[in-house]
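Hello,

Here is the structure I promised to pass on. Please have a look at it, and then read my notes underneath.

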Amino acid sequence: MNVKHVNAICRATEFIFVNHFGVDVKLLKPRVEQTAVPSNQVSVILGINGQLNGQIICSIDEQTAKNIVGVMMGGMTIDLLDDMGWSAIQEFGNWVAGTTATELSKEDVIIDVTPPIINEGSSNFRTNKLFITVPLETRIGLIDVHISVKEEAA
C-alpha cells in the first residue's frame with residue numbers, strides 16, 4: 001500500500017469530523033491487520049474501484065454512532081438507532097466516500113466508490129488482504145479506519 005493513498009483517506013475522514021462535525025481529531029498509532037479486521041459494533045464498508053481497488057471500513061462503537069447521528073441531526077441526543085439513524089450513518093459513509101475520492105484526485109488517482117454497506121453488531125471481517133488500521137480519536141468517539149487499497153496495474 002502506498003502511504004500517500006493511506007494518508008489521503010485519513011485526511012478525508014479527518015476533514016469530515018473537523019468541518020462537518022466541528023470536532024478535533026487526534027490520529028493514534030496505526031496498526032496492521034492481516035487475517036481479521038474487527039467490526040466493532042457498527043461498521044461502514046466502502047468498496048474502491050478504478051486506479052485503486054480495495055476497501056475502506058470505518059468501525060465505531062454504538063455510542064459513537066449515536067453521537068455522529070446526533071451531530072448530523074443538529075445536536076440531538078440519540079437514544080436508539082432507528083431507520084433514520086441508520087440512514088444518517090449510511091450518509092456519513094457517503095461523505096467519507098466522496099471526500100476520499102476528492103483527496104485521492106489531488107494525488108492524481110481517480111476512483112469510484114461503491115455505496116456504503118452498514119454492518120451492525122460486533123464481528124470480524126476475515127480476509128487474505130492486508131489492512132492498515134488508523135484509529136482517530138475525537139470527543140464524540142473513536143473511529144477505526146481500516147484501509148486496504150492496491151494500485152491497478154497500468
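Below is what I found in it.

This is a predicted model, so local features need pLDDT of at least 70 and side-chain atom pairs count only at pLDDT 80 or more, while totals for chains, interfaces and linings use all residues. Residues are numbered from 1 along each chain as its sequence is written, and side-chain values use heavy atoms, without hydrogens or water.

Let me start with helix α3, residues 83-105 (helices are DSSP runs of H or I with at least four residues, strands E runs of at least two, numbered from the N terminus). Its 23 residues reach 33 Å from first C-alpha to last, close to the 33 Å expected at 1.5 Å a residue (1.5 Å times one less than the number of residues). The buried residues of α3 include W86, I89, F92, V96 and L104 (buried is under 20% relative accessible area, exposed over 50%, partly exposed in between; 1.4 Å probe, protein chains only).

The largest nonpolar core (buried Ala, Val, Leu, Ile, Met, Phe, Trp, Tyr and Cys joined through side-chain atoms within 4.5 Å) has 39 residues, and F17, F21, I68, I89, F92 and I143 touch the most other members. Elements giving two or more residues to this core include α1 (3-20), α2 (62-72) and β10 (141-151). The most comes from α3, with 7 residues.

Elsewhere, G54 lies in strand β5 and is buried, at 14% relative accessible area. Its C-alpha is 13 Å from that of V145, 91 residues apart along the chain. V32, in strand β2 (residues 31-33), is partly exposed at 48%.

Best wishes
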